[in-house]
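Student: Could you give me a close look at one part of this model, its disulfide chemistry, and then show me what surrounds it in the fold? I would like the cut-offs as you go.

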Amino acid sequence: YQSSAIYSFQILKTLIMRAFASVLALAGLASANYRSGEVKTWETFTYGRFTVRMQGSGKSGTVGSFFTYWNGPNWSQEGWNEIDVELVPSIYGNPMSTNIIWQWQQQDQQYCWGFQPGTDWHEYVVEWTPESVRWLIDGNECRKREGTDDVHFLRKGQNLMMNFWTPTFQGWGDNFSDYGMPFFTRYDYVKVEKYNSSTGGFEPHWTDNFDSFDASRWQKSDGWGFGDNSSTFYASQVYTENGALVLKMDH
């Protein structure tokens, strides 16, 4: 009887968490004012070296991103796995944010001090191994986390993702204006290297130069958003142009 009661409680807890997540998603959609884009790989990765050449929008109150994210199966906040590169123009002086988000959505966030991407093209790299996560800008290390609890917790298969959104919270959402829309975040190429556990190094897997949109590699989000964000992602806001992947933000 006790085992049955515990099992029933676990099921109820799971259903409540899923319902709460759905409410948050609907709340985000209800308050969304802007249309923007998001893509993620069909393939998932556990460890690897991920490189992007990216041009941010330079617009205050927006975020352009390149990140890995575990999306299930059996997703839960308890199992959260995510590694972020985010360009946040509203953070004057330090607009590049690095982050590890892990169990119960704990965050290990730090800015790369003094780096000013503006609307220039730069190469960003995330190196992820069982013992460390390292972030590089144009070949130079800006941060490394090694041997920490959050790094060791990152062991789930994660999609590689990119999105362009409008935070509604203080700091990141400061000084936003939609005057002059549309805004754009562009990606020149993405390169993925797999982690070799025998050598501790990385081996080439694939490179996408975005001469066209490869629907066998990438999927576009369509009609969804998340909390603390006034944008909804639509497939129509994602396209390739002049050898770059474009995420377009407008009304």
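Tutor: Here is a walk from the whole chain to the cysteines, and then to two polar side chains. This is a predicted model, in which local features need pLDDT of at least 70 and side-chain atom pairs count only at pLDDT 80 or more, while totals for chains, interfaces and linings use all residues. Residues are numbered from 1 along each chain as its sequence is written, and side-chain values use heavy atoms, with hydrogens and water left out.

The protein has 17 strands and 2 helices (DSSP runs numbered from the N terminus: E of at least two residues for strands, H or I of at least four for helices). Of its 251 residues, 47% count as buried (under 20% relative accessible area with a 1.4 Å probe, protein chains only; exposed is over 50%, partly exposed in between). Among contacts (heavy atoms within 4.5 Å) between residues at least 6 apart in sequence, 67% join residues at least 24 apart.

Now to your cysteines. The structure holds 1 disulfide (cysteine sulfur atoms within 2.5 Å), and this disulfide joins C112 to C142, with an S to S distance of 2.2 Å. The pair links distant parts of the chain, 30 residues apart: C112 sits in the loop between β7 (106–111) and β8 (121–128), and C142 belongs to strand β10 (residues 140–146). Their surroundings are worth setting side by side. C112 has a relative accessible area of 3%, so C112 is buried, whereas C142 is partly exposed because its relative accessibility is 24%.

Strand β8, which follows the C112 loop, also contains E127. With a relative accessible area of 13%, E127 is buried. The side chain of E127 makes a polar contact with the side chain of R49, at 2.6 Å (a donor and an acceptor, N or O, within 3.5 Å; residues adjacent in sequence count only if both atoms are side-chain atoms). Leaving aside neighbours within four places in sequence, E127 is in contact with G48, R49, S132, V133, R134, L136 and F202. From E127 to K144, 17 residues apart along the chain, the C-alpha separation is 9.2 Å.

For another polar side chain, try N159 in strand β11 (residues 158–165). N159 counts as buried because its relative accessibility is 7%. A polar atom of the N159 side chain lies 2.7 Å from the backbone oxygen of T41. Not counting residues up to four places away in sequence, N159 touches K40, T41, W42, E43 and T44, along with F67, T68, Y69 and N71.
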